[in-house]
Structure formats: structure tokens, C-alpha cells
Amino acid sequence: MENELCRTACSANNLGPLRVNDQLTRERAEERVFASFSEAHIDFLPTYKYDMLTDDYDTSDKQRVPAWTDRVLFRGDVTCTTYQRIDTLRISDHRPVFALLTFNVIDVNRDAEVKVRETILGDLRRELATVVVYCLGDAALAVQDVQAVFEVFGSVVIVDQQLADSATLVTFETIEAAEKAIRAEHVEVDGMPVKVSCFQLKSCFAAPCMKADVPYEHALLVCVSTACCRVLSIEAGASRASSHSPVSTSR
């Protein structure tokens, strides 16, 4: 499908011509790929390629044709109840998609479930800013209450409760929002005081001071992404940040 026609169809939210010309759909119809798999009806705009941090399709010299490059396929006795894209995440040139699937299982391996969940959420946390929220009382925090309180600091992407240590992880869309939450005083959720601290990412590490005016004993979290490196100095609930050129680490 020609680029201009595709972009015009996207602007009009006219998905019919796009579905007809979708490469994966056509290849599956000919049983050349994923013959035994199914896919729910696509009712969302193409997820690639966007200009970073915008809702604009590729404006670079390459002018890539918008396409559904992010898909969820399944097979077996499975029913897909929801199939959509997520528009609040703009840190990539893709828009992520998700599907809610219903199926019967004999048993659930809870340990494996936790590992898979943490792997998925960990990928997001490496790119986004996450803080840990502890309730200073004995009561459990409701996810919706936590999200309502922390939306004051910035757009919240995920609220994830860690049952093992009674912690709630709040992932923001921007590092700046996480900084505001950490600096905030007297934060309460449903009338209960909470403690907000930095989440120790696997891709972050304790490092020597990178700025002469920062005391050595502070813990520096070095958050690495392709765009920038934020250095957060955390002490007694206070933080400050500075931008540096991209860096890499050895793992």
C-alpha cells in the first residue's frame, strides 16, 4: 500500500484498507506463516513507526509506511477478550499492544507466573521511572487509591503490588515525575502515611561519585537508556538529577 494512501487512511481511522494490505494477515491466509495460530480482530491504528515521544508517524527521510509490527497470536482453545494498543507509552518508536486471553488450565505454577510477570514489568522499569511505596501502617494499600494519589506527580503507567514484602511499585512515564514523588513530604494514601523510595533497577547500580559536588557516601543510581543518563542522588527522601551524555555499562 502506498505511503500517502496509508497515512490518509490512518488519519481518517479507516482501518479496512489497511487490514486488506497487512502483510502478516495475507501470509497467514495463504498458510505460509503461523498457520496454526489465530489473531483477534485488529481495531487499532498501526503501531509503527512513530517519532520518539510524539504521536506523529515517521517524519524522517525514510518516511516508513505505518504498519502493525506488534502483534499477539495464539493457538488452542483460547478466547481473546481484549486486543488493543497502549498510547500512553511514547518512549519508543513502537506503540506496545496487549491482549487479554481466556483459557482453561489444570494448574498454575505460581513461581513461574511471578518470574514471567517480573520479566515483563522489568523491561518497562528499565526504561521508565519506578518508585517503591511502603505503607507505614499495617493496612494494605488499594491499587486504585495509590494510582489516584501518585497521578498528582505525573502520568502513572503501572501500579504493581509486591505481596512478598508488602510494597507497591509505581512506574511513571517520566523520571521527572518519579523525582517529584521521592521529594514529596507527608504523602498519604487513603489517610495512611506512606514512605516513597527509589526502586533498585537491575540495570542501575551503586557507583562512585560522578560529580565533584556530590558527597561520596550518597548512593548514585545510574539509569541508562539510549536517550540519556540520569544520575539520581538519593538521601533522606531528597533527590536531584542532572543530564549526561549517553553511557554504557558492562554486564
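**A guided reading of the predicted chain**

At a relative accessibility of 7%, Ala-9 counts as buried. This residue belongs to helix α1, which spans residues 3-11. Once neighbours within four places in sequence are set aside, the contacts of Ala-9 are Met-1, Asn-14 and Leu-18. A further relation reaches along the chain: Leu-45 is 36 residues away from Ala-9 in sequence, and the C-alpha atoms of the two are 9.6 Å apart.

The model in which Ala-9 is described here is a predicted one. Its chain contains six helices and ten strands. Of the 251 residues, 34% count as buried. The chain exposes about 15400 Å², and 52% of that area is supplied by carbon and sulfur atoms. As for the contacts between residues at least 6 apart in sequence, 54% of them join residues at least 24 apart.

Lys-49 offers a second local view. This lysine is located in the loop that runs between α3 (23-29) and β1 (79-85). Is Lys-49 buried or exposed? With 14% relative accessibility, Lys-49 counts as buried, because the limit for that class is under 20%. Leaving out residues up to four places away in sequence, Lys-49 touches Asp-56, Tyr-57, Asp-58, Arg-64, Pro-66 and Asp-93.

Two of the residues touched by Lys-49, Asp-58 and Arg-64, also pair with one another: their side chains form a salt bridge with an N to O distance of 3.3 Å. Asp-58 is buried at 0% relative accessibility, whereas Arg-64, at 25%, counts as partly exposed.

The structure holds 13 salt bridges, and the bridge between Arg-64 and Asp-58 is one of them. Another joins the side chains of Arg-85 and Asp-87, with 2.5 Å from N to O. In that pair the arginine is the buried partner, Arg-85 having a relative accessible area of 11%, while Asp-87 is partly exposed at 37%. A further bridge connects Arg-32 with Glu-27, at 2.8 Å from N to O. Arg-32 has 53% relative accessibility and therefore counts as exposed, the limit being over 50%. Its partner Glu-27, at 22%, counts as partly exposed. Salt bridges also link residues beyond simple pairs: Asp-55, Arg-90, Arg-95 and Glu-173 are connected in a network.

The second largest pocket remains to be considered. What volume does the second largest pocket hold? The space within it amounts to about 540 Å³. Its lining is made up of 13 residues, and those closest to the centre of the pocket are Val-116, Arg-117, Ile-120, Leu-121 and Leu-124. Helix α4 (110-127) and strand β4 (156-162) each contribute at least two residues to this lining. The largest share comes from α4, which provides six residues. By character, the lining comprises ten nonpolar residues, one polar residue and two charged residues.

Taken together, these views lead from Ala-9, buried in the chain, through Lys-49 and its contacts with Asp-58 and Arg-64, to a pocket lining to which α4 gives the largest share.

Conventions
Residues numbered from 1 in each chain as written. Predicted model: local features only at pLDDT ≥ 70, side-chain atom pairs only at ≥ 80, totals over all residues. Heavy atoms only, no water. Helix = DSSP H or I, 4+ residues; strand = E, 2+ residues; numbered from the N terminus. Buried < 20%, exposed > 50% of the residue type's maximum accessible area, 1.4 Å probe, protein only. Contact = heavy atoms within 4.5 Å. Areas by Shrake-Rupley, 256 points an atom, 1.4 Å probe, with all protein chains shown as cover. 1 Å grid on protein atoms, 1.4 Å probe; cavity = no way out; pocket = protein on both sides within 12 Å on 5 of 7 lines; lining within 4 Å. Points joined across faces, edges and corners; volume = space filled by probe spheres on them. Nonpolar A, V, L, I, M, F, W, Y, C, P; charged D, E, K, R; others polar. Salt bridge = Lys/Arg side-chain N within 4 Å of Asp/Glu carboxyl O.
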